[in-house]
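Trainee: I should like to learn how to read the features of a model such as this one. May we take them in turn?

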Amino acid sequence: MSLADFNRRFTLTSNAVFAEAYLNVTESVNVSLGLRADQFDGDCQRLGAETAEAPCEELESVSNVSPKASIHYNIIDSIQLRANYSEGFALASSFAKFASGAQDLEVNEIKQYEAGLFFLPSANLEFDVSLYDIQSSNEVNEVTQGEFINFGETTRKGFEASVRWKLSEQFEVKGVFGQSDSEVDSNLNPDLLGTSMECQNKLQR
C-alpha cells in the first residue's frame, strides 16, 4: 500500500469552570450573570512515516475567560422580553494549533447579542421570536505554510421564529423559521470584503 497521508495522534486536554448568578431585581425583572474560564493543553505525535507536511508540535497552554449576561422582563404573565449578551471563542484549526508558527496566536473572539420575545396566548399555544448579531474577530489566517496570524472579522445576523401548538397530552405541532446573513468585514483577501458567506449555526443560545 502507498504511504499514509497522516499517521499521527492529536491530544487535546480541556479544563473549564463556570459560575452563574440569578438575581430577581423585581417581580417582573430577572437578571443572570455568568463567567466561564477555559484552559487547553495539547500535543501532536507522529506515529510513523507519512506524506503530510502539516505541522505537528506541542500546543502551548491556551486560556480564556468568557462572560455572559441576560435580562428577562415579564410585561404580563403571557409576554416576556429578553436580551442576552455573551462572549465565546474558538481555537485555531487542528493543524494550526500544533504549528510552531502559531504558538503566539490569540483565540478567535466571538461576541453575541440577542433580543427576543416570548408570547403565550393560551396554555396550548406559544410563540417565540429572536434577533441575533454575532461578531467574530481575531480570526486565524495562514500567511505562509506553518505561519499564522490573527486577522479577520465576520458579522452574522439572523432572525428566528417558532410556534408550538399542543393539541393534546400526546400530540403537538411545532414550526420553526430562521434566516441569517453572514458577511466578511475584514480578511487578508480584499476580494472577500463585503461578500456573503454560507449560513452558519449560532454559537450559543
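Mentor: Let us begin with the surface. In this predicted model, Y73, I75, I76, L81, L117 and V129 make up a nonpolar patch on the surface, and together they have about 460 Å² of accessible area.

Trainee: Which strand contributes the largest share of the nonpolar patch?

Mentor: Strand β3 does, with three residues. One residue found in β3 is Y73.

Trainee: Is Y73 buried, partly exposed or exposed?

Mentor: The general idea is that a residue counts as buried under 20% relative accessible area and as exposed over 50%, with partly exposed in between. Y73 has a relative accessible area of 38%, so this residue is partly exposed.

Trainee: Which residues gather in a patch of negative charge on the surface?

Mentor: That patch consists of E58, E60, D104, E106 and E109. Consider E106, whose place is in the loop between α1 (94-97) and β5 (108-122). Its relative accessible area is 51%, and E106 is therefore classed as exposed.

Trainee: What of V107, which lies in the loop between α1 and β5: is V107 buried or exposed?

Mentor: V107 has 9% relative accessibility and so counts as buried. As for its surroundings, the C-alpha atom of V107 is separated by 7.2 Å from that of A92, a residue 15 positions apart along the chain.

Trainee: Let us turn to charged pairs. How many salt bridges are there?

Mentor: The general idea is that a side-chain nitrogen of Lys or Arg must lie within 4 Å of a carboxyl oxygen of Asp or Glu. By this rule there are nine salt bridges. One of them joins R8 to E50, with the closest N and O atoms 2.4 Å apart.

Trainee: Why can the pair of R8 and E50 be said to tie together parts that are apart in sequence?

Mentor: One looks at where each partner lies. R8 belongs to strand β1 (residues 8-24), while E50 is in the loop between β2 (29-46) and β3 (59-76), so the pair ties together parts that are 42 residues apart in sequence. Both R8 and E50 are buried. The two residues also belong, with R46, to a network of salt bridges.

Trainee: How does one read the pair of E126 and R164?

Mentor: Their side chains meet in a salt bridge, at 3.5 Å from N to O. Since E126 lies in strand β6 (residues 125-137) and R164 in strand β9 (residues 153-166), this pair ties together parts that are 38 residues apart in sequence. E126 is partly exposed, given a relative accessible area of 23%. R164 is likewise partly exposed, with a value of 26%.

Trainee: And what is the N to O distance in the salt bridge of E169 and K166?

Mentor: The side chains of E169 and K166 meet at 3.7 Å. E169 has a relative accessible area of 67%, and this residue is therefore exposed. K166, with a relative accessible area of 25%, is partly exposed.

Trainee: I should now like to consider strand pairing. In which sense do β9 and β10 pair, parallel or antiparallel?

Mentor: One follows the bridges between the two strands. β9 and strand β10 (residues 172-186) pair in the antiparallel sense over 14 bridges. As an example of the register, E153 stands opposite S186 in β10. The connection from β9 to β10 is a hairpin through five residues.

Trainee: How many bridges join strand β7 to strand β8?

Mentor: Four bridges join β7 (residues 140-144) to β8 (residues 147-150), and the two strands run antiparallel. Here T144 stands opposite E147 in β8. β7 and β8 form a hairpin with two residues between them, and G146 in the turn has a positive phi of about 85°.

Trainee: Where does N138 lie, and what is its phi?

Mentor: N138 lies in the loop between β6 and β7. The phi of N138 is near 60°, a positive value in a residue other than glycine. With a relative accessible area of 24%, N138 is partly exposed.

Trainee: Finally, how far apart are N15 and Q39 in sequence and in space?

Mentor: The C-alpha atoms of N15 and Q39 are 5.2 Å apart in space, although the residues are 24 apart in sequence. N15 is placed in strand β1. At 43% relative accessibility, N15 counts as partly exposed.

Methods: Residues are numbered from 1 along each chain as its sequence is written. This is a predicted model: local features need pLDDT of at least 70, side-chain atom pairs count only at pLDDT 80 or more; totals for chains, interfaces and linings use all residues. Side-chain values use heavy atoms; hydrogens and water are left out. Patches are made of residues with over 30% relative accessible area and no salt bridge: like charges are joined within 9 Å, nonpolar side chains (Val, Leu, Ile, Met, Phe, Trp, Tyr) within 5 Å. Accessible areas come from the Shrake-Rupley method with a 1.4 Å probe; for residues, only the protein chains shown count as cover. Lys and Arg count as positive and Asp and Glu as negative; His and the chain ends are not counted. The place of a charge is taken as NZ of Lys, CZ of Arg, CG of Asp or CD of Glu. Buried means under 20% relative accessible area, exposed over 50%, partly exposed in between (1.4 Å probe, protein chains only). Two strands pair if DSSP finds at least two bridges between them.
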